[in-house]
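Here is a short set of exercises to work through with the viewer open. Try each task yourself before you read the solution.

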Amino acid sequence: MSKANWFRRSGLGLAALAGLALPVSAGTLDSVKQRGTLQCGVSEGVTGFSEKDAQGNWRGFDVDFCRAAAAAILGDAGKVAFTPLSASQRFDALKGGKVDLLARNSTWTLSREAELGLAFAGITYHDGQGFLAKRSLKADTALSLDKAKICVEAGTTTQLNLADFFKANSMTYEEKVYPNAAAAFTAFESGQCDVLTRDQSALHGDRLRLAKPTDAIVLPDVISKEPLGPVVRSDDFSWFTLMKWVNFALVNAEELGISSASLDDALKSQKPDVRRFTGAEGGFGQALGLDADWAVRAIRAGGNYAEIYERNLGTGSALGIPRGLNQLWNMGGILYAPPLL
Ligand SMILES: N[C@@H](CCC(=O)N[C@@H](CS)C(=O)NCC(=O)O)C(=O)O
């Protein structure tokens, strides 16, 4: 891959290319414990995933992952410092040690692991890229977007997939690139482009934010796989293991029927898998460098996967996105967590 192309694919900034973003060595768990705060990188505002509410509190699906991790490690879901990061800033910030964890609607790709030295701690949301089109364009599928003006954010898989899709379908488009999602949205709203392209989950929120939501439609096509998940540096394997198991604990809790409402019953349960989850058996907390009840604390923070999903993205939210692929593997979806064994 040419240097320019590598740069483009990686989304890395100049600081990292110049070697200024020095790798941070192992020991993330100890640093977090000493500091007493988990530093979590989130988006600058993606409805349902991470955004500040009217009171200035961070809310969302990614935010709740950070809180579950802080509760598992520090025993307090409030001990998180959130750093909003644009798409182009996010991996430099993680590599440079500005954050311990990135939970920022980031897609797991080969280049981000092999070229940037990062590791995805599993998948928390199976997404895909879509298009929000002005109704006046009269497009009913992505294949009718030939020659359209399309707004997109820099430093994203979105920009790369857009190019691939038009090339593969022998179509052309006029690309309008913006440094962050807010600028891309404003440009779309003010008519600088006919189409806005983003992960489908975020497009539904964008449409609702338009002055007249009925002026635009989310096209049915999904043109990519966007497996979103938490990201860490690849030089700290214990931290990577811990973040993976926070993710798996949230999913396993749903599968085991352990929710924030039923935690107290779970603590009395005689079922072996539930006892391992609560730390009554197994000693897995210690193996992770945590207390025995780490997983219980993660659930107490904001519930299991289903509770986090429904509150932020599903039935309990304005977005109302059906679980779809993000349903458990034994309920018709593809969400599958290895067992706590
Ligand atoms: N999942 C894709 C796209 C993620 C992304 O950053 N999308 C933009 C919109 S295309 C966004 O949500 N930006 C929010 C922000 O800039 O804070 C990736 O990892 O590259």
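**Exercise 1. Backbone outliers**

In which loop does K138 lie? Find the place of N105 as well, then compare the phi angles and the burial of the two residues.

*Solution.* Keep in mind that this is a predicted model.

Step 1: K138 lies in the loop between β8 (129-134) and β9. The place of N105 is the loop between β5 (101-102) and α6 (110-114).

Step 2: Recall the background: most residues other than glycine have a negative phi.

Step 3: Read off the angles. K138 is not a glycine, yet its phi is positive, about 55 degrees. N105, not a glycine either, has a positive phi of about 25 degrees.

Step 4: Apply the accessibility cut-offs, where buried means under 20% and exposed means over 50%. K138 counts as exposed because its relative accessibility is 73%. N105 counts as buried because its relative accessibility is 14%.

**Exercise 2. Cysteine pairs**

How many disulfides are there, and what pattern do they follow along the chain? Work out which parts of the fold each disulfide links.

*Solution.* Step 1: Use the cut-off for a disulfide, a pair of cysteine sulfur atoms within 2.5 Å. By this rule there are two disulfides.

Step 2: Take C40 and C66, whose sulfur atoms are 1.9 Å apart. C40 sits in strand β1 (residues 38-42) and C66 in helix α4 (residues 61-74), so this pair links distant parts of the chain, 26 residues apart. The link of C40 and C66 is left-handed, with -55 degrees about the S-S bond, and both cysteines are buried.

Step 3: Turn to C151 and C193, joined with an S to S distance of 1.6 Å. C151 belongs to strand β9 (residues 148-153), while C193 is in the loop between α8 (181-189) and β11 (195-199), so the pair ties together parts that are 42 residues apart in sequence. Here too the link is left-handed, with -70 degrees about the S-S bond.

Step 4: Check burial. C151 is buried because its relative accessibility is 0%, and C193 is buried because its value is 2%.

Step 5: Count the bonded cysteines along the chain, and the pattern is 1-2, 3-4.

**Exercise 3. The ligand and its shell**

How many residues surround the ligand, and which are the closest? Describe the make-up of this shell and list some polar distances to the ligand.

*Solution.* Step 1: The ligand is surrounded by 21 residues, and the closest are E44, T107, R112, E153 and D199.

Step 2: Sort the shell by residue type: five residues are nonpolar, eight polar and eight charged.

Step 3: Look at where the shell comes from. Domain 1 (3-126) and domain 2 (129-224) each contribute at least three residues. Among the secondary-structure elements, α7 (157-168), β11 and β13 (226-228) each supply at least two.

Step 4: Inspect the polar distances. An N or O atom in the side chain of R112 is 2.8 Å from an oxygen atom of the ligand. For R198, a polar side-chain atom lies 3.0 Å from a ligand oxygen. In the case of D199, an N or O atom of the side chain is 2.8 Å from a nitrogen atom of the ligand.

Step 5: Consider coverage. On its own the ligand has 500 Å² of accessible area, and the protein covers 98% of that.

**Exercise 4. Three more residues**

Is S111 buried or exposed? Locate A163 and P179 too, and classify them in the way used in Exercise 1.

*Solution.* Step 1: S111 is found in helix α6 and counts as buried because its relative accessibility is 13%. The side chains of S111 and T109 are joined by a polar contact of 3.4 Å.

Step 2: A163 is part of helix α7. A163 counts as partly exposed because its relative accessibility is 27%. Between A163 and E175, 12 residues apart in sequence, the C-alpha to C-alpha distance is 9.1 Å.

Step 3: P179 has its place in the loop between β10 (173-178) and α8. P179 counts as exposed because its relative accessible area is 53%. P179 and T47 are 132 residues apart along the chain, and 18 Å separates their C-alpha atoms.

Terms used:
Residues are numbered from 1 along each chain as its sequence is written. This is a predicted model: local features need pLDDT of at least 70, side-chain atom pairs count only at pLDDT 80 or more; totals for chains, interfaces and linings use all residues. Side-chain values use heavy atoms; hydrogens and water are left out. Helices (H or I, at least four residues) and strands (E, at least two) are DSSP runs, numbered from the N terminus. Buried means under 20% relative accessible area, exposed over 50%, partly exposed in between (1.4 Å probe, protein chains only). A residue is near a molecule or strand if one of its heavy atoms lies within 4 Å of it. A polar contact is a pair of N or O atoms within 3.5 Å; within protein, one must be able to donate a hydrogen and the other to accept it, and residues adjacent in sequence count only if both atoms are side-chain atoms. Accessible areas come from the Shrake-Rupley method with a 1.4 Å probe; for residues, only the protein chains shown count as cover. Ala, Val, Leu, Ile, Met, Phe, Trp, Tyr, Cys and Pro count as nonpolar, Asp, Glu, Lys and Arg as charged, and the others, Gly among them, as polar. Domain bounds come from an automatic or database domain assignment.
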